Amino acid sequence: MEDESNQKNDKNTTHANVSAMKMVGLQEEHDDVESKTADKAAEGLRQGALSAINSVAIDTQTLREQVEHFDGPRSHPDCLRLEEELTRLLLRLDAVDSFGLDEVRAERRKAVAAVQSAINLLGASCAPDDRSLALVAVEGDVAQLKTPSDDSKENERS
């Protein structure tokens with residue numbers, strides 16, 4: 001009788017162990033699926049961020065080529081348009097979330113540097129126009145500023 005009771009207990013224990021093992025296996029399988037889903041989602045976010053950065057990089061190169069061929073005053077509509085478009089590219093890069101990924105941060109940093117470089121080149125390419133001020137002389141602590149149009153008025157008086 002005691003043997004039968006032990007056998008029943010052994011069967012119940014075995015059944016419980018098998019059930020527990022199945023549950024653990026199912027939980028591990030569930031965790032695995034969740035992990036794979038999270039990995040896919042993270043990869044999708046990474047790819048999306050890198051794609052957005054790449055799009056800005058392509059646009060930056062196109063605008064940089066236009067900047068390199070620009071020759072005109074700062075007030076010229078093309079100079080103003082290029083400056084605005086480059087600024088918009090910086091705003092697009094600001095909107096890209098790195099999700100804490102170093103790779104995305106590094107790519108965004110490179111893209112920002114490329115846009116800044118194009119902006120700096122544009123600033124150097126745009127000639128000052130007639131409305132800009134020119135430093136004429138410094139006497140003591142007082143700087144005398146006048147516009148190029150002041151020069152023409154002065155020449156008329158002479």
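**Exercise 1. E84 in helix 2**

Place E84 in the secondary structure, then state how open E84 is and how far its C-alpha atom lies from that of I119.

*Solution.* Start with the element: E84 sits in helix 2. The model used throughout is a predicted one. Next, take the accessibility. E84 has a relative accessibility of 41%. Buried means under 20% and exposed means over 50%. E84 therefore counts as partly exposed. Last, look across the chain. I119 is 35 residues away from E84 along the chain, and their C-alpha atoms are 9.7 Å apart.

**Exercise 2. The pairing of helix 2 and helix 3**

Describe how helix 2 and helix 3 pack, and list the residues that meet.

*Solution.* Two numbers describe such a pair: the angle between the helix axes and the distance between them. For helix 2 and helix 3 the angle is about 165 degrees, and the axes are 10 Å apart. Angles over 145 degrees count as roughly antiparallel, so helix 2 is roughly antiparallel to helix 3. Now add the handedness. The crossing of helix 2 and helix 3 is left-handed.

Then read off the contact residues:

- Helix 2 contributes C79, L82, E83, L86, L89, L90 and L93.
- Helix 3 contributes R108, A111, V112, V115, Q116, A118, I119 and L122.

**Exercise 3. The largest nonpolar core**

Which residues touch the most other members of the largest nonpolar core, and which elements give two or more residues to this core?

*Solution.* The core has 20 residues. L86, V115 and L122 touch the most other members. Helix 1 (2-68), helix 2 and helix 3 each give two or more residues to this core. As background, nonpolar side chains in soluble globular proteins tend to be buried together.

Take V115 as the worked case. Set aside residues up to four places away in sequence. V115 then touches V56, T60, L86, L89, L90 and L93. L86, L89, L90 and L93 are also among the helix 2 residues that meet helix 3.

**Exercise 4. The loop between helix 2 and helix 3**

Compare S98 and F99: is each buried or partly exposed, and which of their features can be listed?

*Solution.* Begin with position. S98 lies in the loop between helix 2 and helix 3. F99 lies in that loop too, with helix 2 spanning 77-94 and helix 3 spanning 102-125.

Go on to accessibility. S98 has a relative accessible area of 8%, so S98 is buried. F99 has 40%, so F99 is partly exposed.

Now the contacts of S98. Beyond residues up to four places away in sequence, S98 touches V104, R105 and R108.

Finish with the backbone of F99. Its phi is positive, about 55 degrees, although F99 is not a glycine.

**Exercise 5. Three residues that reach across the sequence**

Assign R46, A42 and R92 to their helices, and give the accessibility and one long-range link of each.

*Solution.* Take R46 first.

1. R46 is in helix 1.
2. R46 has 18% relative accessibility and so counts as buried.
3. Leaving aside neighbours within four places in sequence, R46 is in contact with L101, E103 and V104.

V104 also touches S98.

Turn to A42.

1. A42 is in helix 1.
2. A42 has a relative accessible area of 42% and is therefore partly exposed.
3. A42 and F99 are 57 residues apart along the chain, with their C-alpha atoms separated by 8.5 Å.

Close with R92.

1. R92 is in helix 2.
2. R92 has a relative accessible area of 36% and is therefore partly exposed.
3. R92 and I53 are 39 residues apart in sequence, and 8.4 Å apart from C-alpha to C-alpha.
4. Not counting residues up to four places away in sequence, R92 touches S55, V56 and D59.

V56 is also touched by V115.

**Exercise 6. The whole chain**

How many helices and strands does the protein chain have, and in what pattern do they follow along the sequence?

*Solution.* Count first: there are four helices and four strands. Then read along the sequence: the pattern is α-β-α-α-β-β-β-α.

Add the chain totals. The protein chain has 158 residues, and 17% of them count as buried. It exposes about 11700 Å², with carbon and sulfur atoms supplying 52% of that area. Among contacts with a separation of 6 or more, 59% come from residues 24 or more positions apart.

How values were computed: Residues are numbered from 1 along each chain as its sequence is written. This is a predicted model: local features need pLDDT of at least 70, side-chain atom pairs count only at pLDDT 80 or more; totals for chains, interfaces and linings use all residues. Side-chain values use heavy atoms; hydrogens and water are left out. Buried means under 20% relative accessible area, exposed over 50%, partly exposed in between (1.4 Å probe, protein chains only). Contact means heavy atoms within 4.5 Å. Accessible areas come from the Shrake-Rupley method with a 1.4 Å probe; for residues, only the protein chains shown count as cover. A nonpolar core is a set of buried Ala, Val, Leu, Ile, Met, Phe, Trp, Tyr and Cys residues joined through side-chain atoms within 4.5 Å. Axes are lines fitted to C-alpha atoms, for helices over the stretch in contact, and angles run from 0 to 180 degrees between N-to-C directions. Angles under 35 degrees count as roughly parallel, over 145 as roughly antiparallel, 65 to 115 as roughly perpendicular and the rest as oblique. A crossing is left-handed if the near helix is turned anticlockwise from the far one by less than a right angle, and right-handed if clockwise.
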